[in-house]
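This report describes selected features of a predicted model. The sequence and structure are shown first.

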Amino acid sequence: MANKAYQFRLYPTKEQEELLAKTFGCVRFVYNKMLEERIQMFEKFKDDQESLKQQTFPTPAKYKKEFPWLKEVDSLALANAQLNLQKAFQHFFSGRAGFPKFKNRKAKQSYTTNMVNGNIKLSDGYIKLPKLKWIKFKQHREIPAHHIIKSCTITKTKTGKYYISILTEYEHQPALKEVQTVVGLDFSMSTLYVDSEGKRANYPRFYRKALETLAKEQRKLSRKKKGSNRWHKQRLKVAKLHEKIANQRKDFLHKESHKLAKRYDCVVIEDLNMKGMSQALHFGQGVHDNGWGMFTTFLQYKLVEQGKKLIKIDKWFPSSKTCSCCGRVKESLSLSERTFRCECGFESDRDVNAAINIKHEGMKRLAIV
Ligand SMILES: [Zn+2]
């Protein structure tokens, strides 16, 4: 699925303009009200993180009793104000943004509503929106029939013009690309993968550093008395580090998968069962933390987006024991043997040899050998 937004100029009547102004005002009112309540909550529980976590977010519905005029406007717009505030808090907690601010009258005049049970319709130069009924708009381009409307954002500019941005979702099927370049990847515990050209993806230094710090802080946590103040503080520290590491890893996996999906038409990997593998080989947590599963998911969608391919070959294929030069299969190969040596005279790094075999196996599947 892919998204595309279409923007058009809106021409509301005087009455519709009044209702739009009221909606912008109500959305701002509800946003500020919820923010105010959150701040009070923070102050009340500032020394009690656990209780704070258990507090539920205020909802627009509860204000409707106290302020009945809120019922006059689109309730979906108010629900989106709540979502926006939640997002603002998420950004604040993850360190991506400052503490959410109150919206004053000078703030952007805008609100978002959603498509629910066909409440939004387009017909002949008019668009039907909740509460507003049909509004005239200038549709200078068609929205393709296979696009589904998800939401609409209505904005009033500083100069008094109205615009609507219609967000659509559609099935994206790019033309298949002819396979000319293929690469094989061998899973690697320490570096994520080794490819058939001999390149290794290496986690950046700062990421490894952060992992060490995490291990240290976790040891500290385990020494603190469970439930004590110091324990809570340390737990928060560990949680923050976890989040930071998860973000760094995700960034790295995005970059690596992007690079491969750009360079190659087809990527071949082994279909590993990570859980079984980590248990069988007693690798412990490392295998999960390595991010291979997330990496292959990113790789898959980045390739498919461009009409390219990800091929997963059978996990029982003897990629390590096979000579990538002559095809002989060794009876045994211990994990400690880092160099692959064959009777035919071929010698190579063990992982690179495996990656080449994986590549060849993928090419057999594609029938391009
Ligand atoms: Zn050989």
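The sections below cover the nonpolar cores, two helices, two residues with unusual backbone angles, and an annotated domain.

## Nonpolar cores

The largest nonpolar core of this predicted model has 41 residues, and I127, L129 and I164 touch the most other members. Two or more residues each come from β1 (2–11), α1 (14–44), α4 (75–93), β4 (126–129), β5 (133–138), β6 (148–156) and β7 (162–170). Helix α1 gives the largest share, 11 residues. Another core, of 28 residues, lies apart from this one and includes F187, I245, L260 and L310. In soluble globular proteins, nonpolar side chains tend to be buried together.

The surroundings of I127 can be listed beyond its neighbours within four places in sequence. I127 is in contact with L10, I120, K121, L122, K133, W134, I135, F137, C152, I164 and I166. One of these contacts, I164, is also among the core residues that touch the most other members.

## M34 in helix α1

M34 is part of helix α1. How far is M34 buried or exposed? Its relative accessibility is 0%, so M34 counts as buried.

Outside four places in sequence, M34 is in contact with P58, P60, Y63, A81, Q82 and L85. For P60, which is 26 residues away from M34 along the chain, the separation between C-alpha atoms is 7.9 Å.

## Helix α5 and E217

Helix α5 covers residues 205–223. What span should its 19 residues have at 1.5 Å a residue? The expected value is 27 Å, and the end C-alpha atoms are 28 Å apart, so the two agree. The buried residues of α5 are Y207, A210, L214, E217 and L221. Viewed down the helix axis, these buried residues fall within an arc of 80 degrees, so they line one face of α5. On the other side, R205, K209, E212, S222 and R223 are exposed.

E217 has a relative accessible area of 6%, below the 20% limit, and therefore counts as buried. Its side chain makes a polar contact of 2.7 Å with the side chain of Q234. Beyond four places in sequence, E217 touches Q234, K237, V238 and L241. Q234 thus appears both as a polar partner of E217 and in its list of contacts.

## Positive phi at K133 and L192

Most residues other than glycine have a negative phi. K133 has a positive phi, near 60 degrees, and L192 has one near 85 degrees.

Both residues are in strands: K133 in β5, and L192 in β9 (residues 192–195). Which of the opposite labels, buried or exposed, applies to K133? K133 counts as exposed because its relative accessibility is 54%. L192, with a relative accessible area of 0%, is buried. K133 is also among the contacts of I127.

## Annotated domain and helix α10

An unreviewed UniProt entry places the feature "domain: Cas12f1-like TNB" at residues 292–358. In the model, this span is 33% helix and 16% strand, and its end C-alpha atoms lie 16 Å apart.

K359 is found in helix α10, which runs over residues 350–366. K359 touches V182, V183, G184, S196 and V268, leaving out residues up to four places away in sequence. The C-alpha atoms of K359 and V267 are 7.9 Å apart in space, while the two residues are 92 apart in sequence.

Methods: Residues are numbered from 1 along each chain as its sequence is written. This is a predicted model: local features need pLDDT of at least 70, side-chain atom pairs count only at pLDDT 80 or more; totals for chains, interfaces and linings use all residues. Side-chain values use heavy atoms; hydrogens and water are left out. Helices (H or I, at least four residues) and strands (E, at least two) are DSSP runs, numbered from the N terminus. Buried means under 20% relative accessible area, exposed over 50%, partly exposed in between (1.4 Å probe, protein chains only). A polar contact is a pair of N or O atoms within 3.5 Å; within protein, one must be able to donate a hydrogen and the other to accept it, and residues adjacent in sequence count only if both atoms are side-chain atoms. Contact means heavy atoms within 4.5 Å. UniProt positions are given in the numbering used here, feature names are shortened, and annotations may be inferred rather than shown by experiment. The expected span of a helix is 1.5 Å times one less than its number of residues. The arc is that of the directions from the helix axis to the C-beta atoms. A nonpolar core is a set of buried Ala, Val, Leu, Ile, Met, Phe, Trp, Tyr and Cys residues joined through side-chain atoms within 4.5 Å.
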